[in-house]
Amino acid sequence: MLNFVDSVQDAVAGIKDGSTVMIGGFGNAGQPFELIDALLECGATDLTVVNNNAGQGDQGLALLIKEGRVKKMICSFPRQSDSWHFDAKYKAGQIELELVPQGNLAERIRAAGAGIGGFFTPTGYGTMLAEGKETRFLDGKWQVFETPIHADVALIKALKADGKGNLVYRKTARNFGPIMAAAANHTIVQVSDIVPTGGLDPENIVTPGIYVNSIVKVAGSGNTAEKAA
Amino acid sequence: MSVQSNEKSLQTSAAPLGRDDLAKLVARDIAPGSFVNLGIGQPTLVSNYLTEEQNITLHTENGMLGMGPEAKGDQIDGDLINAGKIPVTELPGASYFHHADSFAIMRGGHLDICVLGAFQVSATGDLANWHTGAPGAIPAVGGAMDLATGAKDVFVMMTLLTREGASKIVDACTYPITGVGCVTRVYTDKAVFLIGPDGVTVRETFGCTLEELQDLVPVPLKATPAAG
């Protein structure tokens, strides 16, 4: 069921304590800052968050971590020059980290959305990130068994939606949006523009509306240039 | 750069190569028409020396083929960044795709070459470049393991020696590894090493002889007569 909601607060209102929340974005590109701010405001806590990173600077996901709302991060690259809120929580033992090679993160999210129960991949074989995992020699290579990552909710950002919830993205801000939309039970999207049904070329739809549950328009949300500066 | 005084000598430069000369050499070795991913740090320098005639397509793992040079001034767009989160530009013919497709490009063996930095490379091509393993260090892996196992050829660019003078080409990695037996070639300031089933061969040296190089590196080195 697709809903167009009036505010980011309404969009995130149903997110419960203990939820697994996928948050789109690679660095600041594609990060749905306004939805994350609303999630912070709504008070949901004890969250497991799936994102490529673990927050940057003093905005978005970094604030959610700072405020102690995140119990566990599933990500590939938590440590950055400006990941000070994650670093502090991690060193204090106040946040759990599941570190996942980036391609495994993407494929495990994709697998969840595609109904795949797991897959074997050579990535990580023989490394400490594959310790304890099942391995098999397949196709001439040692491969490691990886499982899907499902989520209760995904918060993502797209450029435009139409009346059917079809989405298009902008440049490298697309990143995790399409696969997270498919992997979550409830997908919430902030867009900079909503166009009438038929206003997007069906040949160019990136995320079909079947994966989308809630859409909220956030002015200027299609370009993170100001946020990144 | 080339001062080959003796045809039998492997030494192609009288002095060790600087970072830019090394980047130039790597760029020259990339076959025309290749699809290439350049890692963060020193490997990024290679893009400065790729020529139009080479027609190389650069991949960035956050979701783009056809990446152009770093964006300057008005070109800067927060939605258009590379894997190092630096604003970049797009070239004609560029394409965007989501993260699972982008990693399928690597993991599916479609990339011809990736160029990575490293802490250590073993005699059998194991790569260590993601984690020092130091107590208290926060680990971060990103796409390093996917690149190392997915690209057809994995080139490493690094200085041969650590600041303390230890060889980064080692018998077995002491740092946590990124991938097993994945490195095919190592470009260093003192030599280019080819790693294959027969062990480590030296294609050329810079500012040292093979004997002097062997004194620095704790794995058996052979000279290769043919360029790799």
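Guide: Quick bit of vocabulary before we start: two residues are in contact if their C-beta atoms, placed from the backbone, lie within 7 Å. Also, this is a predicted model.

Visitor: Okay! So in chain A, what share of the contacts with a separation of 6 or more comes from residues 24 or more positions apart?

Guide: That share is 77%.

Visitor: And how many helices and strands does chain A have?

Guide: You'll find 7 helices and 12 strands in chain A.

Visitor: Why does a radius of gyration of 18 Å agree with a compact globule for chain A?

Guide: Because a compact globule with 229 residues would have a value near 17 Å, and the 18 Å of chain A agrees with that. Along its principal axes, the C-alpha trace spans about 50 × 40 × 30 Å, and 55% of the residues of chain A count as buried.

Visitor: Switching topic: how many residues does each chain bring to the contact?

Guide: Chain A brings 41 residues and chain B brings 31.

Visitor: Which helix of chain A gives the most to the side that touches chain B?

Guide: That's helix 5, with 5 residues. By type, that side of chain A has 18 nonpolar, 15 polar and 8 charged residues.

Visitor: Now helix 2 of chain B, residues 99-107. Mostly covered or not?

Guide: Mostly covered, with 7 of its 9 residues buried. Among them are F103(B), I105(B) and M106(B).

Visitor: What covers those buried residues?

Guide: Parts of both chains: the cover includes helix 5, strand 6 and helix 6 of chain A, plus strand 2, strand 3 and helix 3 of chain B.

Visitor: What comes just after that helix?

Guide: G109(B), which takes a positive phi of about 75 degrees.

Methods: Residues numbered from 1 in each chain as written. Chains lettered and ligands numbered in written order. Predicted model: local features only at pLDDT ≥ 70, side-chain atom pairs only at ≥ 80, totals over all residues. Helix = DSSP H or I, 4+ residues; strand = E, 2+ residues; numbered from the N terminus. Nonpolar A, V, L, I, M, F, W, Y, C, P; charged D, E, K, R; others polar. Rg over C-alpha atoms; globule rule 2.2 N^0.38 Å. Buried ≥ 20, exposed ≤ 12 C-beta atoms within 10 Å, placed from the backbone.
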